[in-house]
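Me: I'm new to this one and would like to learn how to read it. Could you walk me through it, one feature at a time?

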Amino acid sequence: MAPPIITVENFSYAYKGSSKRVLDNLSFSIEEFECCGLVGSSEAGKTTLCYAIASILNHYFAGGKVEGRISTCGLDSLSTSLEAMTKHVGILMQNASVYLTGIKPRVYEEIAFSMENFGMKRSTIVQRVDSLMGEMGIAQLADRDPLTLSGGEMQRVALASVLALDPPILILDEPSSSLDREGVCDLSLILRNLKGKKTILLVEQRMEMLPGLVDKLLVLRSGKNVYRGNAENFFGSPDCFEQEVGGPIWTRVFHEVSSRSGKPAGSLPYTYRQTLRQLDRAR
């Protein structure tokens, strides 16, 4: 059996000048092609963990106190250069606009930029850009100025740019945060198409995106790992509320209805269809 593609062992971190551990003794692994959801409250340490796995932490936040180790694609994430790790990990943060260079007048050239920087052959670049634009549903944007795009369009262009180097690991830190409902649906479809082709670590506050997408769930609270396992088991238990995470909107609705009725909820529904069935039985 192949070793996990990401391994975190007894990892703790405190930013320079602070004694507070943002991440506290984390240990977990992610298998190749697994889609892992990462959830928790706003102070749970999710973004810091993404930075650490992608070698951004040691590159931009030098001087922090580090304990433990992180291995990504067999490389030490805490010492490997950002340039070397870029070939293995593509990371997309909340604000898609920061991924635009501002110097490329066309979307087509924007997506090609990273491949040009790595000296890839023109024929390879053209084939890769055409393929990505088709997969992202943005072929019609090829000649548009990247800075004039809508939020949803910009997000898809940024994701295509991240995927341009074909990294085996994709880290997405709340990619739906600035999207409207249609944009969220488009993003969900794209991620479902990528599932099984990439190892995905998805940080998300919109729990409705997780059913049917994530294979496993990692829950952080105050920097600690409080759950690692099946997503349906977690959201089917009141633990999802006790750990300050919540659940998909239909889970929250069912929990609220059960609480007001005074009837024990038992197992909470994780999907929309489960909720309808349980509400129907509760009549």
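Me: Let's begin with two strands. How many bridges join E6 to strand E7, and do they run parallel or antiparallel?

Reply: Keep in mind that this is a predicted model. To read a strand pair, look at how many bridges link the two and which way they run. Here E6 and strand E7 (residues 169-173) run parallel, and 4 bridges join them. For a spot to look at, find glycine 90: leucine 170 in E7 stands opposite.

Me: What sheet has E6 and E7 in its order?

Reply: For a sheet, read off the strand order and then the pairing. This one is an open sheet of 6 strands, ordered E6-E7-E8-E3-E9-E10, and its pairing is mixed. Strand E6 (89-92) and strand E10 (224-229) are at the edges; each has a single partner strand, so one side of each has no neighbour in the sheet. From one strand to the next, the twist averages 15°.

Me: Which helix lies across E6 and E7?

Reply: That's H6, which runs at about 165° to E6. H6 covers residues 151-163, and we'll meet this helix again with H4 and H5.

Me: Good, helices next. At what angle do H4 and H6 pack, and how far apart are their axes?

Reply: With a helix pair, take the angle and the distance together, then look for the residues that meet. H4 and H6 pack at about 30°, with axes 7 Å apart. Angles under 35 degrees count as roughly parallel, and so H4 and H6 are roughly parallel to each other. The crossing, where H4 passes H6, is right-handed.

Me: Which residues in H4 and H6 meet?

Reply: From H4, look for Val107, Glu110, Ile111 and Ser114; they meet Val157, Ala160 and Ser161 in H6. Sorted by class, this contact has 4 nonpolar, 2 polar and 1 charged residues.

Me: What about H4 and H5: at what angle do they pack?

Reply: Try the same reading. Helix H4 (residues 107-117) packs against helix H5 (residues 122-136) at about 130°, and their axes are 10 Å apart. That angle makes H4 oblique to H5. Their crossing is right-handed. On the H4 side the contact is made by Val107, Tyr108, Ile111, Ala112, Met115 and Glu116, while H5 brings Ile125, Val126, Arg128, Val129, Asp130, Leu132 and Met133. Classed as before, the H4 contact with H5 has 10 nonpolar, no polar and 3 charged residues.

Me: And how do H5 and H6 pack: what is the angle between them?

Reply: It's about 140°, with the axes of H5 and H6 10 Å apart. H5 is therefore oblique to H6. The crossing of H5 and H6 is right-handed. Arg128, Leu132 and Met136 of H5 make the contact with Arg156, Leu159, Ala160 and Leu163 of H6. These residues divide into 5 nonpolar, no polar and 2 charged.

Me: Let's step back. How many helices and strands does the protein have?

Reply: For the whole picture, count the elements and then look at burial and contacts. The protein has 11 helices and 10 strands. Of its 283 residues, 48% count as buried.

Me: What share of the contacts with a separation of 6 or more comes from residues 24 or more positions apart?

Reply: That share is 62%. When you go back to the structure, try E6 and E7 with H6 lying across them.

Note on methods: Residues are numbered from 1 along each chain as its sequence is written. This is a predicted model: local features need pLDDT of at least 70, side-chain atom pairs count only at pLDDT 80 or more; totals for chains, interfaces and linings use all residues. Side-chain values use heavy atoms; hydrogens and water are left out. Axes are lines fitted to C-alpha atoms, for helices over the stretch in contact, and angles run from 0 to 180 degrees between N-to-C directions. Angles under 35 degrees count as roughly parallel, over 145 as roughly antiparallel, 65 to 115 as roughly perpendicular and the rest as oblique. A crossing is left-handed if the near helix is turned anticlockwise from the far one by less than a right angle, and right-handed if clockwise. Contact means heavy atoms within 4.5 Å. Ala, Val, Leu, Ile, Met, Phe, Trp, Tyr, Cys and Pro count as nonpolar, Asp, Glu, Lys and Arg as charged, and the others, Gly among them, as polar. Two strands pair if DSSP finds at least two bridges between them. Buried means under 20% relative accessible area, exposed over 50%, partly exposed in between (1.4 Å probe, protein chains only).
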